[in-house]
Amino acid sequence: MGDTLVGTCSWTDPKLVASGWYPPGRRDAEGRLRYYAERFPVVEVDSTYYGLPSERNSLLWAERTPDGFLFDVKAFSLFTGHPTRAAALPADLRALHGRCPDDPGLLDELWRRFTTALDPLRRTGRLGTLLFQFPPWFGPGDRSVAVLRGWSRRAAGWPLAVEFRHPDWWRPDLRQESADLLTRLGMSAVSVDMAQSVADAVPPVDVVSTPRLAVVRFHGRSPAWGSGSKEDRFRHTYTADELTGWLPRLRAMAERSDELHVLFNNCCADAAVRAAETMSGLLATPAAPPPAHQPSLPLTGI
């Protein structure tokens, strides 16, 4: 069975800082990360979705965390086809973005800068994976497959995990085909937990497409997903029963992978860190053994 690492999708969220989870004296940039890394072995960096990372930050993150700690880094929005403001790009590339945001040369240059900035994490063994979260309109089809193949070539040698927000990828009749595609491309599938009552909900699956890594992201179960404010979409406090329901899936995924990352994205106040603490405790409890086989009693009196 592979290692299971539990963490959250951000350690810098202002609502988390304001919640009081970080103690006095540990609320500056260095103190927060060191405090977080004392309690969890993995974290997701989401700021890289909104703008390119900096090499300086990667160096600081590596210095402030112990050996074995991992950062899963979210891909820049333009890489996954999300709307991206020109202001989010380096100044010298904004004109090119305005003329042709899908220009392969622009993507190549942005990718070079993105990965150069993350190289300190990679060199120090602190890079878990790069998370490519595709938008809800990125559904199965030839064009999407071509995009995935393009990233497989561009990102050769870098670990990639893919989260689909379009539910059809994990439809029962397409599930194996989608998993096989990611396997051929060397990309780890990302499973999700979210409210199943909302439109276009992605089903909870336990797909493992590469033996290297499996990932599950818990988005919360807010009925305002896709319609409310950011806080409304992620406002959910997981109960122990809700998390316990995932244990068989998580243990099965860990059996089929070298490493499993379990990340909580219900980033509203301290809900994510509390859920991660609860899940860590649940996973540390040995699974109950299956009931012993009871042999059939002989029939008598016939």
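A pocket, as the word is used here, is an open set of grid points with protein on both sides within 12 Å along at least five of seven lines, and its lining residues have an atom within 4 Å of a point. With that in hand, start at the second largest pocket of this predicted model, where 19 residues make up the lining and F79, G81, D102, L107 and V147 sit nearest the centre. Its volume comes to about 470 Å³. Helix α7, residues 142-154, and helix α6, residues 104-123, each give at least two residues to that lining. The largest share is from α7, with seven residues. As for chemistry, the lining of the second largest pocket counts 11 nonpolar residues, five polar and three charged.

Now move over to the largest pocket, which holds about 710 Å³ of space. Its lining has 24 residues, and the ones closest to the centre are Q133, R165, W225, R233 and F234. Two helices, α3 (47-50) and α9 (230-234), each put at least two residues into the wall. The largest share here belongs to α9, with three residues. Sorted by class, the lining of the largest pocket has nine charged residues, five polar ones and 10 nonpolar ones.

While you're at α9, follow the chain a little further. The loop between α9 and α10 (240-244) is where you'll find H236. Is H236 buried or exposed? H236 has a relative accessible area of 15%, so H236 falls under the 20% cut-off and counts as buried. The side chain of H236 also has a partner: a polar contact of 3.0 Å links it to the side chain of E242.

Next, the strands. Begin with β3, residues 70-74, where five of five residues are buried. In a regular strand, side chains alternate between the two faces of the sheet. In β3, L70, D72 and K74 point one way, F71 and V73 point the other way, and all are buried. On one pairing, strand β2 (residues 42-45) runs parallel to β3 and is joined to it by four bridges. Strand β4 (residues 127-133) is also parallel to β3, again with four bridges. D72 is a handy residue to pick out in the viewer: E44 stands opposite D72, and in β4 the bridge partner of D72 is T129.

Strand β8, residues 259-264, tells a similar story, with five of its six residues buried. Two strands pair with β8. Strand β1 (residues 3-8) runs parallel to β8 and is joined to it by six bridges, with G7 standing opposite L263. Strand β7 (residues 214-218) also runs parallel to β8, through five bridges. One of the positions to look at there is V215, whose bridge partner in β8 is H261.

Closed-off space is another thing to look for. Rolling a probe the size of a water molecule over the atoms shows where empty space is left. A search of the whole structure turns up one cavity of 30 Å³ or more, and its volume is about 60 Å³. The residues around the largest cavity are T8, S10, D13, L16, C267, A269, D270, A272 and V273. By class, that lining divides into five nonpolar, two polar and two charged residues.

C267, one of those lining residues, leads on to the cysteines. How many disulfides are there? The count is zero. Why does C9 not form one? The closest cysteine sulfur to that of C9 belongs to C267, and at 5.7 Å it is too far away for a bond, because a disulfide needs the two sulfurs within 2.5 Å. C9 is buried, too, at 1% relative accessible area. The sulfur of C268 also has C267 as its closest cysteine sulfur, at 9.1 Å, so that pair is too far apart for a bond as well. C268 is buried, with a relative accessible area of 13%.

A last stop is G31, which sits in helix α2 (residues 29-39). G31 counts as buried, with 8% relative accessibility. To get a feel for distances across the model, compare G31 with A214: the two are 183 residues apart in sequence, and their C-alpha atoms are 30 Å apart in space.

Conventions:
Residues numbered from 1 in each chain as written. Predicted model: local features only at pLDDT ≥ 70, side-chain atom pairs only at ≥ 80, totals over all residues. Heavy atoms only, no water. 1 Å grid on protein atoms, 1.4 Å probe; cavity = no way out; pocket = protein on both sides within 12 Å on 5 of 7 lines; lining within 4 Å. Points joined across faces, edges and corners; volume = space filled by probe spheres on them. Nonpolar A, V, L, I, M, F, W, Y, C, P; charged D, E, K, R; others polar. Buried < 20%, exposed > 50% of the residue type's maximum accessible area, 1.4 Å probe, protein only. Pairing = 2+ DSSP bridges. Polar contact = N/O pair within 3.5 Å; in protein donor to acceptor, adjacent residues only side chain to side chain.
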